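Reader: I would like a close look at one part of this protein, the nonpolar core, and at the residues placed around it. Please take it step by step and keep it plain.

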Amino acid sequence: MKNINLTSYRCPYPLVQVKLHMKQLTSGEALKVILSDTGSRRDVPAWAKNNGYQVDLLQQDKQQMAIIITK
């Protein structure tokens, strides 16, 4: 599983990075993503679900969110 920490970035950079990383994965592989920007915390999981990926929430609090996106 690949891990990317995007907590120091603001939208749209995290979404662009997630899209690029997901293209590199094969079916069944997963990407762990850590986000802090409120827009990205909304947009990244929504984009993943709309594209047919499985999204599992690992952690969410006021500062950050950690999710696993499975292709």
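Author: What follows starts with the whole chain, goes on to the core, and ends with single residues in the helices, strands and loops.

The model is predicted. Its chain has two helices and four strands, and along the sequence these follow the pattern β-α-β-α-β-β. The C-alpha trace spans about 30 × 20 × 20 Å along its principal axes. For 71 residues, a compact globule would have a radius of gyration near 11 Å, and the chain agrees because its own value is 11 Å.

Buried residues make up 41% of the 71 residues. Among contacts with a separation of 6 or more, 60% are between residues 24 or more positions apart. The chain exposes about 4300 Å², and carbon and sulfur atoms supply 48% of that area. As for charge, there are 10 positive and 5 negative side chains, and the centres of the two sets lie 3 Å apart.

Now the core. The largest nonpolar core has 16 residues, and those touching the most other members are Val18, Met22, Leu31, Val33, Val44, Trp47 and Ile69. At least two residues of this core come from each of α1 (13–24), β2 (30–35), α2 (38–50) and β4 (65–70).

Met22 is a useful place to look within the core. Neighbours within four places in sequence aside, Met22 is in contact with Leu31, Trp47, Tyr53, Ile69, Thr70 and Lys71. Three of the names in that list, Leu31, Trp47 and Ile69, also appear among the core residues that touch the most other members.

His21 is in helix α1. Its relative accessible area is 16%, and because buried means under 20%, His21 counts as buried. Beyond its neighbours within four places in sequence, His21 is in contact with Lys2, Ile4 and Leu31. Leu31 is thus a contact of His21 and also a contact of Met22.

Tyr13 lies in helix α1 as well, but Tyr13 is partly exposed, with a relative accessible area of 36%. Tyr13 and Thr70 are 57 residues apart along the chain, and their C-alpha atoms are separated by 20 Å. Thr70 is, however, a contact of Met22.

Just before Tyr13 comes the loop between β1 and α1, where Pro12 lies. The peptide bond from Cys11 to Pro12 is cis, with omega near 10 degrees. As a rule, most peptide bonds are trans.

On the other side of that loop is strand β1 (residues 2–5), which holds Asn5. Asn5 has 48% relative accessibility, so it counts as partly exposed. From Asn5 to Val18 there are 13 residues in sequence and 10 Å in space, C-alpha to C-alpha. Val18 is one of the core residues that touch the most other members.

Gly28 is found in the loop between α1 and β2. Exposed means over 50%, and Gly28 is exposed because its relative accessible area is 53%. Outside its neighbours within four places in sequence, Gly28 is in contact with Thr70 and Lys71, and both of these residues are also contacts of Met22. Gly28 and Ile4 are 24 residues apart along the chain, with their C-alpha atoms separated by 18 Å.

The last residue to look at is Met65, which lies in strand β4. Met65 is buried, with a relative accessible area of 6%. Leaving aside neighbours within four places in sequence, Met65 is in contact with Val33, Ile34, Leu35, Arg41, Pro45, Leu57, Gln59 and Gln60. Of these, Val33, Ile34 and Leu35 fall within β2 (30–35), while Arg41 and Pro45 fall within α2 (38–50). Val33 is also one of the core residues that touch the most other members. The C-alpha atoms of Met65 and Asp43, 22 residues apart along the chain, are separated by 12 Å.

To return to the request, the core draws at least two residues from each of α1, β2, α2 and β4. Around it, His21 is buried and so is Met65, whereas Asn5 is partly exposed, Tyr13 is partly exposed and Gly28 is exposed.

Methods: Residues numbered from 1 in each chain as written. Predicted model: local features only at pLDDT ≥ 70, side-chain atom pairs only at ≥ 80, totals over all residues. Heavy atoms only, no water. Rg over C-alpha atoms; globule rule 2.2 N^0.38 Å. Buried < 20%, exposed > 50% of the residue type's maximum accessible area, 1.4 Å probe, protein only. Contact = heavy atoms within 4.5 Å. Areas by Shrake-Rupley, 256 points an atom, 1.4 Å probe, with all protein chains shown as cover. Lys, Arg positive; Asp, Glu negative; His and termini not counted. Charge placed at Lys NZ, Arg CZ, Asp CG, Glu CD. Core = buried A, V, L, I, M, F, W, Y, C linked by side-chain atoms within 4.5 Å.
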